[in-house]
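Please open the model in your viewer and keep the selection panel at hand, since the tour moves from one selection to the next.

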Amino acid sequence: MEKIYWGSYTTYELEELIEKDPVVLIPVGAYEQHGPHLALNTDKVIAEKICEELVRRAEIPCASLPAVWCGISEHHMKFSGSLTLKHETMSAFLFDILDSLARSGVRKVLAVNSHGGNMVAVNEALTKASYQYGGTFALLTYWNLIGDEIRENRRSEFGGISHACEMETALQMYLQPDNVRMDRLPPANNVKGGSFWSPAMFASNKISMYIPYDQLSELGHIGDPQKATPEFGETVFEAVIKKALKLVEVIQKGELLNENY
Ligand SMILES: [Zn+2]
């Protein structure tokens, strides 16, 4: 039987796995509006598929927790159906999970995040776990791995990749094509921002700040989903998996400080 998720193991099987010093993955997603053409589960599915594929291909001991399906989406709440946790709720929930893992002996955890709004709370929980237990409790927000591949392969101009955009739509075309309403693809809404701050992914922002999405988008998306293709989705996904596999291996072997990928 293929074992991907923590919950498919028995307690005795987990005892054996933990003795091997595994990397435990935590997919962290969101349930929020993604414009007229993508469903609310977009980010949750991306984080989940990345972790499933990592466990499948990893050559080191590794397992995944089920996805944290709800994230922090306060900035999307003007759009119907979006669900959000409070910062304190998410940080406390994640810390309790990390604390439980650590009490079983786990010391290597990688949270695989697919949503910008989650970063501060997830980092807070991971940092608290590190203070308490040592070990490696790290946060990966997946697009941070693939700036080069995006630059080489994107069809949209700067501003075309942000939210329900060229990249997220392409990933859905590749990972769950039924989720893409091709007849509802909205026109480009490229918000480039200024030299201090831009909502574009891969912008080199000088500040971070909170801004509700209804101030940036009428339909809910930021970017250019018209430029998305399943091929670009596959390129992005495979680039993430390739680099994240290396990362997971380096974490497991304790080589984070002396590895150049
Ligand atoms: Zn998203």
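**First stop: Glu15 and its patch**

Select Glu15, which counts as partly exposed because its relative accessibility is 48%, and bear in mind throughout that this is a predicted model. Glu15 sits in helix H1, which covers residues 11–19, and together with Glu13, Glu16 and Glu19 it forms a negative surface patch.

**Second stop: helix H2**

Now select residues 42–57, the 16 residues of helix H2, whose first and last C-alpha atoms are 23 Å apart, close to the 22 Å expected at 1.5 Å a residue. The helix is mostly covered, with 13 of its 16 residues buried.

Within H2, show the side chain of Glu53, which is buried because its relative accessible area is 17%, under the 20% cut-off. Glu53 forms a salt bridge with Arg56, with the closest N and O atoms 3.1 Å apart, and another with Arg57, where the corresponding distance is 3.0 Å. Arg56 lies three residues from Glu53 and Arg57 lies four residues from Glu53, in each case about one turn of the helix. Both arginines are partly exposed, Arg56 with a relative accessible area of 42% and Arg57 at 34% relative accessibility.

**Third stop: Lys192 and Glu157**

Next, select Lys192 and Glu157, whose side chains meet in a salt bridge at 2.6 Å, N to O. This pair links distant parts of the chain, 35 residues apart, with Lys192 in the loop between helix H6 and strand S6 and Glu157 in the loop between helix H5 and strand S5. Lys192 is partly exposed at 39%, as is Glu157 at 47% relative accessible area.

**Last stop: a shared network**

Finally, add Glu238 to a selection of Glu53, Arg56 and Arg57, as salt bridges that share partners join these four residues into one network.

Conventions: Residues are numbered from 1 along each chain as its sequence is written. This is a predicted model: local features need pLDDT of at least 70, side-chain atom pairs count only at pLDDT 80 or more; totals for chains, interfaces and linings use all residues. Side-chain values use heavy atoms; hydrogens and water are left out. Patches are made of residues with over 30% relative accessible area and no salt bridge: like charges are joined within 9 Å, nonpolar side chains (Val, Leu, Ile, Met, Phe, Trp, Tyr) within 5 Å. Accessible areas come from the Shrake-Rupley method with a 1.4 Å probe; for residues, only the protein chains shown count as cover. Lys and Arg count as positive and Asp and Glu as negative; His and the chain ends are not counted. The place of a charge is taken as NZ of Lys, CZ of Arg, CG of Asp or CD of Glu. Helices (H or I, at least four residues) and strands (E, at least two) are DSSP runs, numbered from the N terminus. Buried means under 20% relative accessible area, exposed over 50%, partly exposed in between (1.4 Å probe, protein chains only). The expected span of a helix is 1.5 Å times one less than its number of residues.
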